[in-house]
Amino acid sequence: MSDAFIQINNLSKRFGGIQALDHVSLTIRKGKVLGLMGENGAGKSTLMRILCGIQTCSQGEIIVEDKRADINCPEDAQDLGIGMIPQELLLVNCMSVAENMFLGYEILDRFGAVDAKAMDLRTQEVLAELGCEGIAPSDCLGTISKANQQMVAIGRRIIQGGKLFIMDEPTSALTVHETEKLFGVIRSLCNKGQSVVFISHRLEEVLELCDYFAILRDGVLVDVFDNGDGISKQDLIKPMIGSVLDEEYPHEQADLGEVILSCEGLSYKKDNEEIVDDITFSLQAGEVVGFSGLVGMGKSELAQTIYGLRPMLNGAIKVHGEKLKGHDVIESSKRGMGFVSEDRRSEGLILGLKCLYNMTLTCLRKLSIGTVIDRKKELAVGMKYVTPMNMKREYLSLPANNLSGGNQQKVVIARQLASDAEIIIFDEPTKGIDVLAKSEVAKIINSLSKQNKGILIFSSEPREVLGLCDTVYVLNLEGLQGPYRRGELDYQSLMGIQFGEHHE
Amino acid sequence: MNSWFKQCSYRGSLIGIVVFFIALSIFSPVFLSMNNFINIFNQITVNVIIAAGITLLIISGGIDLSVGSILALCGIFTANYFRSAPGGGSVLIGILIGVVVGLGCGLFNGLIIAYLHIPPFIATLGTMSIFRGMALVFSGGRPLMDLNERYINLFTGFIGPIPKQFVLAIIISLFLYFLLERTRIGRVAFALGGNERCVMISGISVKTFKLLFYGMSGLLAAIGGMVLTSMIAAAEPIAGINYEMDAIAVVVMGGTSMEGGKGNILGTIFGALLLGIVRNGLNLLGVDANYQQLFIGLIIMIAIISGSTKKDA
Amino acid sequence: MKKFLLQAWKRYWGVLLALMVINVLFSLLSPYYLTTYNFLNIFDHSAISLVMAVGMVFVLGTGGIDLSIGSTLACSGIIAAQLFKVMPWPLAMLIALAFGIGVGLLNGFIITQFHLQPFIVTLAMLNIIRGLTLVLSGGHPVIGLPEGFLTLIYGKSLVSTSIYTSLAIAFICLIILWKTQYSRAVRAVGGCEEAAFVCGINIRKIKISVYAISGATAVFASFIYMAKMDSAEPLAGLTTEWMEAIAAPIIGGNSMKGGKCFIIGTIIGVLIFSCIKSGLNMVGINQHFQQIFIGGLTIAAVIVDSVRSSR
């Protein structure tokens, strides 16, 4: 008991209709590394953000070193030594290493001026502690490697007087060697009595580094146990995924036609500058092809590359056997591709515009005489999709902003249909949508395949991929795995492949 | 009827017009005369023309600060033609020259904004200077007079009780209203102002439309220039200074939001009317001209603030 | 010291080269260019733009912009000149300064409170203050300024002290940049607002205060202007100085996206403008071309900035 740094009691958080955290009680121990595990949406980020003061909880209490803590803003958390190093690191690229480390916590001399020399000195010390050679305090942050930037972020926490270091997916951009170095730093932090929370999907690393685990599922703390020789990947995977529900995604097989899209040897850059290459697959008319994988494996980026939103470093994309001329969005949509973005609100919809107008955005040419829009025709298009998608007629004249997430998604899908897209790419089709709407969207995707369209689904939701898709690919650390035909995989085996296990 | 009024984005202007109309009718003996109204219409003509183009731009998420300079430049080119052509030249060609110059300036704006990705306000701030400088250079810094007789008389006269040039301004505005409300081009304008990224992802050529919109703004500034030089029978290199502010003023007063994606040309017309009536009223009541700019400046700021939807988060 | 010079060279070699090329070009084109008199003239003319430009650096650092400085310059001048007649001139200067800071604070407040874009708010403010200037001045310049004031700012000798005044202000800004937590907070807000937030920086305070700085420097620029003209003009600052105050920092390495605060580069940028203006004059090119040129240079600077920041 006395090695408890933070005691979280009955923490709950509600977002509108969704219970993000449900009476979570957890002890964060001093000098130990906690592996916080859970699927996407399980509540890990929410829990950590509440601890760091970025979000408030609906109920529950946090006790830090045996004293009840009132954390309402980042500063409160910092005062208690709690802070997070998010995946994006949140460093200022145009400032130097030393400036970043001391941001907001600058050393002042007796005149109140900034003491650059003292800060440089201390920066050197911290960098040495972290085992960072080759970077100087005056180096501009934008010029050093991601691994070193990570060290700077950790250094910043050390200087802020951090007692708890929360690291969110710290190794996604690191090489094996750099990861080892990071682990060394984490261990030495623990030896000094600091606490670490390590959030990562890379099970091997987690098994190597962490002293104990806490598993979250759907906002509930499912299990807490120590690491040991007997603990394997399956011991982590099982509690994360719980029981398997099958009928969320009913599927009806459509007849497959000719190959309408094929990608050969595609390579592209992920957001963290890593290159993914050798993506090869094909899509037939009426087929639903799914891409699964953990967060950070590059699924969204692949979707964007296929559609032309992201540059293609290598390879070829062929529609109906013909290579695409230019590689941009205008060319792709001319050739019949449609794209349903991961982020509806910032990319998929024009929130202030009527839903009807959102739907007809790309097919206006068909609906106009010259440049004048035929309003009757336009309304007819809207009405055509309202019933099959189970939307209310009134929605058509409401601004898109007023609709629920599920209905908003239907509007975006309707737009693809209205423009007669043959190949529709879905990036996280049911993200942020309630259960009822999820099944409606699934039904719509089913009917799309029946209409001989080719569907590509990129999803972090394994059940979705298994339920909807005829063919499944997995993006993991080793590249693109697959194709796996419908029925070949079940939930366990899919998750296994995602985590790098080999499927026979 | 009631709910339309509550929703109407330019109800502020309408209320303002009614209020000032009544107030001025009471406090000024001269206000309620046909002569005075004609005066107001003439005063706001150029403003209405330019503001129509600015409305389109602001709705699509852009802005054009160089319209005043384009106006002057077009006037200078037309005037130079009239002064150098034998027998005064042809009115049609003169106008054509001015219009082409305006279109060219607008397209230049569109090019650097759409293709070089420069923020519209700084781009047009720069071109505002460039075009103004060109106007000064091509006119030798002096106003150009001795223009074609027929050209000067082009807009004199009335259609019914309303001056010809104001009718032109209204026709132009209504044309743009139709464009915005009923055509594909207008729909894309609203979409661009609402979410440019979404429009791009949908496969629409954002660059082409931006070129079009800035070209139109330049074109309208040119038309405004033609009307102005005809009205005062001279092309001044310093004409149009501050016109961009007046245009933005009536656009925001008319309920169009600076955020883009929303707006209405009818609102702009009423905003222009309101501004014209207020200016006219201040003049008639003998208020110092110097106070007018301050007063109008405050109105603009208030309109901008009240048009923002994101109050303190 | 050596390290600092090396760093400065690495950063500014481009603009220094441009400055050199410009000077070489004009010395070849005109015999009068390479004279002490001309250079003193250049520095003298740079003073006003320089003062406003270094204030703008902080605003740009947060990713904002202040278009109202030209009118603040004129208005504070009128206020000071009128107050000179009824109170001791140091007090009048202080009140004028308070006015400039007040305008800046109001700009910052409106921008942050209503989440409006800086350009439109400061553009609207530009109009309001222009109007205020006309009201306060009746459209007429105010002449006859106190000796003490003139001597302080402008000096009596052939070499006007305006150069020193402007450099002093630039130096103060440089000290703020190097020696304060504040300037780091400014750069963080512009560079990565979220990072500044998690480090406990008060984003709103920073965003409002930078406009107070640009307002203050506009007032100082106004003092120099008045001392030079021995009068306060209601139309002052309405020509090119205020655009230079925006373009020069961008040439000097500051970015419109924020995160950078380069004072030395700004000084070089201002010098580039002044040398070209002077050179064009010497070569006999029309005044009016200067407007074209300044607009063009502004756009060019922004293009370079956008290329630079996307790399």
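User: In strand 15 of chain A, which residue is the bridge partner of A:Lys318?
Analyst: This is a predicted model. Strand 14 (residues 314-319) of chain A runs antiparallel to strand 15 of chain A, and two bridges join them. In strand 15, the residue that bridges to A:Lys318 is A:Lys323.

User: Which are the edge strands of the open sheet that has the order 12-11-14-15 in chain A?
Analyst: The open sheet has four strands with antiparallel pairing, in the order 12-11-14-15. An edge strand here pairs on one side only. That description fits strand 12 (275-284) and strand 15 (322-323) of chain A.

User: What angle does the direction of helix 9 of chain A make with that of strand 11 of chain A?
Analyst: Helix 9 (residues 299-307) packs on the sheet of chain A, where it touches strand 11 (259-269), strand 12 and strand 14. Its direction and that of strand 11 of chain A make an angle of about 120 degrees.

User: Which residue of strand 10 of chain A stands opposite A:Phe213?
Analyst: Strand 9 of chain A and strand 10 (residues 220-226) of chain A pair in the antiparallel sense, with six bridges. The two strands form a hairpin with two residues between them, and A:Asp218 in the turn has a positive phi of about 50 degrees. Opposite A:Phe213, in strand 10, stands A:Phe225.

User: In strand 9 of chain A, what is the bridge partner of A:Met37?
Analyst: Strand 3 (residues 33-37) of chain A is joined to strand 9 (residues 212-217) of chain A by four bridges, and the two run parallel. For A:Met37, the partner in strand 9 is A:Ile215.

User: Why does the distance between the end C-alpha atoms of helix 4 of chain C agree with its number of residues?
Analyst: Helix 4 (residues 89-114) of chain C has 26 residues, so at 1.5 Å a residue it should span 38 Å. C:His115, which follows the helix, has a positive phi near 50 degrees. The distance agrees with the expected span because the end C-alpha atoms are apart by 38 Å.

User: Which helix of chain B gives the largest share of the side that touches chain C?
Analyst: The contact takes 36 residues from chain B and 33 from chain C. Helix 5 (91-116), helix 6 (120-139) and helix 14 (289-307) of chain B each supply at least two residues of that side of chain B. The largest share, 14 residues, comes from helix 6 of chain B.

User: How many nonpolar residues has the side of chain A that touches chain B?
Analyst: In this contact, 23 residues of chain A meet 18 residues of chain B. Among the elements giving two or more residues to the chain A side are helix 10 (329-334) and strand 18 (372-373). By class, that side has two charged residues, eight polar ones and, as nonpolar residues, 13.

Note on methods: Residues are numbered from 1 along each chain as its sequence is written. Chains are lettered from A and ligands numbered from 1 in the order in which they are written. This is a predicted model: local features need pLDDT of at least 70, side-chain atom pairs count only at pLDDT 80 or more; totals for chains, interfaces and linings use all residues. Two residues are in contact if their C-beta atoms, placed from the backbone, lie within 7 Å. Ala, Val, Leu, Ile, Met, Phe, Trp, Tyr, Cys and Pro count as nonpolar, Asp, Glu, Lys and Arg as charged, and the others, Gly among them, as polar. The expected span of a helix is 1.5 Å times one less than its number of residues. Two strands pair if DSSP finds at least two bridges between them. Axes are lines fitted to C-alpha atoms, for helices over the stretch in contact, and angles run from 0 to 180 degrees between N-to-C directions.
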